[in-house]
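Okay, thanks everyone, I'll keep this short. Let me put the structure up and then walk you through a few spots in it.

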Amino acid sequence: MASSLQDLTFHLVTFGCQMNKHDSERIAGMLEALGAVPVGSIEEADVVAFITCCVREAADTRLYGQVASLKSLPLRPGTPLAKRLVAVGGCIGQRDRERLCQELPHVDAVFGTHNLGSLPQLLARAIEQGKAQVEVLEASDSFPTELPSDRERAWAAWLPITIGCDNFCSYCIVPHVRGREKSRPLEDVVAEAQGYVDAGVREVTLLGQNVNSYGRDLYGEPRFAEVLDAVDATGVERLRFATSHPKDLTDGVIGRFGTLRSLMPALHLPVQSGSDRILAAMNRRYTAEHYLSLVGKLRAVRPDIALSTDVIVGFPGETEEDFLATYRLIEEVGYNQVFTFIYSRREGTPAAALDDPTPPEVIQERFDRLVDLVQRRSFELNQPYLGRTLPVLVEGASKRDGAVLAGKDPYGSTVHAPVPEGRTAEGLAGTVVDVAIDQARTWYLAGEVTALHG
Ligand code: SAH
Ligand code: SF4
Ligand code: F3S
């Protein structure tokens, strides 16, 4: 029997982290399995679904604005519907529920982070009843990985090993919208990874808000190092993971960077601040000294490891001295990439109750100083790659120039190179090419292709 979504066109708009990107692939897979057809723009779509993020205020405001602007958008010619269906899911759906429909009356379906799989029924009911459907659950028993998936890139897969977060960093909304941490059984993780490898996937990225605590809820102890061993044993070519909480990064996991063939020499290890006073107020449960000791151990095991991090500037009560501690730590560690954020007050988190006497322009000035440092350090840290030949997993054409290919080296850096004669960037996507690096910029490396590996 044809589903009520049969032949409807749909478009997904995704914000936020990799977990949301992965959820979107599941939603696309599920809608396609029901006969709906993906299209490249909102204009062509009968159904538009927003997979949302509320980690900072800017993402929130943008979502409300973007959904509001859909109201006046003409229907696509030939649509069988009397109205374009608008669905809002993900973290804002989870948090705002009915409020979304009250503020945006043209929204037809709201779902949360625990029930991606309900979207088709919600849309079918919205068509049938002509009124908005809201369904948000407090927790879920299943992983979205039980849904089919339409992966954005055929050669790379995201594989969630945990969902939710138990850490309750005082500034962060994630535990409130993603629920408690839940690990997937190890055999399910391995079976999914093996399935990807057998299907020709070259790179697997294990996902979780804090992958290092994998297994604590399920087995009574963290077993992330075992996950790495088991996924490496599937024969995967490139293995990555995100995100790591410094308080739970064990010597066992650090050691794997020296021993596992597939584990790429790159680690995202969010530090958030270099001041112990602020780290304590953030409820991060480590000190700057502990963090630096982890960096030391990682470099002892794998001297060329590329580190990246997240930093929040302007946490309530941050002084110039606290900021300078962060500045010095960033300078000292030497990160290939730093994601810098200005603190954003999130209603419902403990930090939202803290007063902050610091004027916004002072916070902005600190932020600008940090961004300058990050740029200078990224540029400096890219220079040693000059003259090296790196295996690059091609992703496609660079954004600016179709004759230039873009991909990632083992360190996670973006590498550009002119497309070799007789080839296309699209044709090379998903293959590995060697690139001899002759340019090292702040945000990327570039060079000439010296070998194709298929
Ligand atoms: N679980 C991951 C990702 C969390 S969200 C982790 O712990 O690293 C990604 C980043 O957003 C965080 O690392 C933090 O730097 C930033 N962030 C989270 N809440 C924020 C807030 N209220 N204001 C500003 N930045 C925030
Ligand atoms: Fe948020 Fe902290 Fe959990 Fe990361 S570890 S998602 S920053 S509460
Ligand atoms: Fe945003 Fe939700 Fe991820 S709040 S960062 S999309 S878990």
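So, let's begin at helix α5, residues 119-129, where the buried residues are Leu119, Pro120, Leu122, Leu123, Ala124 and Ala126. Keep in mind as we go that this is a predicted model. What sits over those α5 residues? The cover includes helix α1, along with strands β3 (47-52), β4 (85-89), β5 (109-111) and β6 (133-135). Then, just after α5, you get Gly130, with a positive phi near 65 degrees.

Okay, on to the cores. The largest nonpolar core has 52 residues, and the ones that touch the most other members are Leu206, Phe224, Phe241 and Ile330. Let's click on Phe224. If you leave out its neighbours within four places in sequence, Phe224 is in contact with Ile161, Leu206, Val211, Asn212, Tyr214, Phe241 and Val253. So two of the names from a moment ago, Leu206 and Phe241, turn up again in that contact list. Apart from this core lies another one, of 26 residues, including Val13, Cys101, Leu104 and Ile173.

Now for the empty space, which I guess is what you docking people came for. The second largest pocket comes out at about 270 Å³. It has 13 lining residues, and closest to its centre are Leu12, Thr14, Ser24, Glu25 and Glu152. Two elements give two or more residues each to that lining, namely β1 (9-14) and α1 (18-33). Which of them gives the most? That's α1, with 5 residues. In terms of chemistry, the pocket lining divides into 5 nonpolar, 3 polar and 5 charged residues.

What about closed cavities? Searching the whole structure with a floor of 30 Å³ turns up 1, and its volume is about 30 Å³. Around that cavity you'll find Glu25, Arg151, Arg153, Ala156, Ala157 and Trp158. Glu25 we've met already, among the residues closest to the centre of the second largest pocket. Strand β7, residues 156-160, gives the most to the cavity lining, with 3 residues. By class, that's 3 nonpolar and 3 charged, with no polar residues.

Next, ligand 2. Its surroundings are Cys165, Asn167, Phe168, Cys169, Tyr171, Cys172, Val174, Pro175, Gln209, His245 and Arg284. That shell splits into 7 nonpolar, 3 polar and 1 charged.

Last bit: backbone oddities. Quick reminder, most peptide bonds are trans, and most residues other than glycine have a negative phi. Here, though, a cis peptide bond joins Ala242 and Thr243, with omega at about 0 degrees. Thr243 is in the loop between β11 (238-242) and α10 (251-259).

As for phi, Asp7 isn't a glycine, yet its phi is positive, at about 70 degrees. Asp7 belongs to the segment before β1. Is Asp7 buried or exposed? Its relative accessible area is 51%, and the cut-off for exposed is over 50%, so Asp7 counts as exposed.

The other one to look at is Arg285, another residue that isn't glycine, with a positive phi near 65 degrees. Arg285 is in the loop between α11 (276-281) and α12 (288-301). Its relative accessibility is 47%, so Arg285 goes down as partly exposed.

Right, that's my tour; shout if you want any of those views back on the screen.

Methods
Residues are numbered from 1 along each chain as its sequence is written. Chains are lettered from A and ligands numbered from 1 in the order in which they are written. This is a predicted model: local features need pLDDT of at least 70, side-chain atom pairs count only at pLDDT 80 or more; totals for chains, interfaces and linings use all residues. Side-chain values use heavy atoms; hydrogens and water are left out. On a 1 Å grid over the protein atoms alone, a cavity is a set of points where a 1.4 Å probe fits but cannot get out, and a pocket is an open set with protein on both sides within 12 Å along at least five of seven lines; lining residues have an atom within 4 Å of a point. Grid points are joined across faces, edges and corners, and a volume is the space filled by probe spheres set on the points. Helices (H or I, at least four residues) and strands (E, at least two) are DSSP runs, numbered from the N terminus. Ala, Val, Leu, Ile, Met, Phe, Trp, Tyr, Cys and Pro count as nonpolar, Asp, Glu, Lys and Arg as charged, and the others, Gly among them, as polar. A nonpolar core is a set of buried Ala, Val, Leu, Ile, Met, Phe, Trp, Tyr and Cys residues joined through side-chain atoms within 4.5 Å. Buried means under 20% relative accessible area, exposed over 50%, partly exposed in between (1.4 Å probe, protein chains only). Contact means heavy atoms within 4.5 Å. A residue is near a molecule or strand if one of its heavy atoms lies within 4 Å of it.
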